[in-house]
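User: I'm new to this one and I'd like to understand the labels people put on it. Can you take me through the reasoning behind them?

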Amino acid sequence: MSLGKNVRVLQQLFSPSVLHTLDLIGIFVFAISGALLAVRKNFDVFGIAVLAEVTALGGGLFRDLVIGAVPPAAFTDLGYFVTPLLATALVFFLHPHVERIQTGVNVFDAAGLGLFCVVGTTKAYDYGLGLTASACLGLATAVGGGVLRDVLANEVPSLLRWDRDLYAVPAVVGAALTALCIRYDVLNAGTSSLAVVTAFVLRLLAMRYHWRAPRAWHRRSTVQEE
């Protein structure tokens, strides 16, 4: 099964050079978030680099391995590997300044989330997966690196914590919108952009108003909250 016409439309929206540039920007911002967590955890420079690389490339690497796009882009494009190292150097020397512009970093992170969930969904479908599985891999592309980052840093993934602003839900919405557009053969420049922007705006609103997912109905747990 091939995406056919829909892939050609997406390539018209994101030319190879533009898509590559957007990928590198998203990778850079995700790498900064990983490097900052490593600094807060008092990791050495090697640990900072590892967390930056994993955060930036983990989601896309997982997707490519699942769909059989091997070797993964992370291993065939030197820019994908070097970009997180640049983020590592920036955070290593200037982390107090980077911390001060955390809000700006979060905005770019939200933009990367929106872009990656749409591109991930489309690429998975192009490699023969069904719509539901494609949307799931779109979600994994967007949030997988963050999950690996938190696990390596010995933290409960932010994705699973009730006390964190919604992160996965905007990616789910963006991936689902993309899958619906594919299903009804309406994926074009406008609708794919709409899916990206929707996920982006939802994430910004979640950060602004601290939207969180509900916990279990009539919760009666005696476990202490952290």
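Analyst: Sure, we'll go label by label, keeping in mind that this is a predicted model.

User: Let's start with helices α6 and α8. What makes α6 oblique to α8?

Analyst: It comes down to the angle. Helix α6 covers residues 102-126, helix α8 covers residues 168-183, and their axes cross at roughly 40 degrees. Angles under 35 degrees count as roughly parallel, and roughly perpendicular runs from 65 to 115. The value of 40 fits neither range, and that makes α6 oblique to α8. The two axes come within 8 Å, and the crossing is right-handed.

User: Which residues in α6 and α8 meet there?

Analyst: From α6 you have L113, C117, V118, T121, T122 and Y125. From α8, the partners are P170, A171, G174, A175, T178, A179 and I182. Sorted by class, this contact has 9 nonpolar and 4 polar residues, with no charged ones.

User: And which residues of α8 are buried?

Analyst: A168, P170, A171, G174, A175, T178, A179, C181 and I182 are buried. That list includes P170, A171 and G174, which also meet α6.

User: How do you know that the length of α8 agrees with what it should span?

Analyst: You set the expected span against the model. At 1.5 Å a residue, the 16 residues of α8 should span 22 Å. The end C-alpha atoms of α8 are 22 Å apart, so the two agree.

User: What about α6 and α7? Why are they called oblique to each other?

Analyst: Helix α7 is residues 131-152, and its axis crosses that of α6 at roughly 140 degrees, coming within 7 Å. To count as roughly antiparallel, an angle has to be over 145. The 140 degrees falls short of that and lies outside the 65 to 115 range for roughly perpendicular, so α6 and α7 are oblique. The crossing of α6 past α7 is right-handed.

User: What does α6 use to meet α7?

Analyst: On the α6 side, the residues are L113, F116, C117, G120, T121, A124 and Y125. They meet L131, S134, A135, L137, G138, T141, A142 and V143 in α7. By class, that contact has 10 nonpolar residues, 5 polar ones and no charged ones.

User: Now D64. Why is D64 called buried?

Analyst: Buried means under 20% relative accessible area. D64 comes out at 2%, so D64 is buried. D64 lies in helix α3, residues 45-67. Leaving aside neighbours within four places in sequence, D64 is in contact with A69, V70, P72, A73 and K123.

User: Where does P71 lie, and what is special about the peptide bond from V70 to P71?

Analyst: P71 lies in the loop between α3 and α4. The peptide bond from V70 to P71 is cis, with omega near -10 degrees.

User: Why does N42 count as exposed, while D185 counts as partly exposed?

Analyst: The bar for exposed is over 50%. N42 has 68% relative accessibility, so N42 counts as exposed. D185 has 43%, which sits between 20% and 50%, so D185 counts as partly exposed.

User: Where are N42 and D185 found, and what phi do they have?

Analyst: N42 is found in the loop between α2 and α3, with a positive phi of about 65 degrees although N42 is not a glycine. D185 is in the loop between α8 and α9. D185 isn't a glycine either, and has a positive phi of about 55 degrees.

Conventions
Residues are numbered from 1 along each chain as its sequence is written. This is a predicted model: local features need pLDDT of at least 70, side-chain atom pairs count only at pLDDT 80 or more; totals for chains, interfaces and linings use all residues. Side-chain values use heavy atoms; hydrogens and water are left out. Axes are lines fitted to C-alpha atoms, for helices over the stretch in contact, and angles run from 0 to 180 degrees between N-to-C directions. Helices (H or I, at least four residues) and strands (E, at least two) are DSSP runs, numbered from the N terminus. A crossing is left-handed if the near helix is turned anticlockwise from the far one by less than a right angle, and right-handed if clockwise. Contact means heavy atoms within 4.5 Å. Ala, Val, Leu, Ile, Met, Phe, Trp, Tyr, Cys and Pro count as nonpolar, Asp, Glu, Lys and Arg as charged, and the others, Gly among them, as polar. The expected span of a helix is 1.5 Å times one less than its number of residues. Buried means under 20% relative accessible area, exposed over 50%, partly exposed in between (1.4 Å probe, protein chains only).
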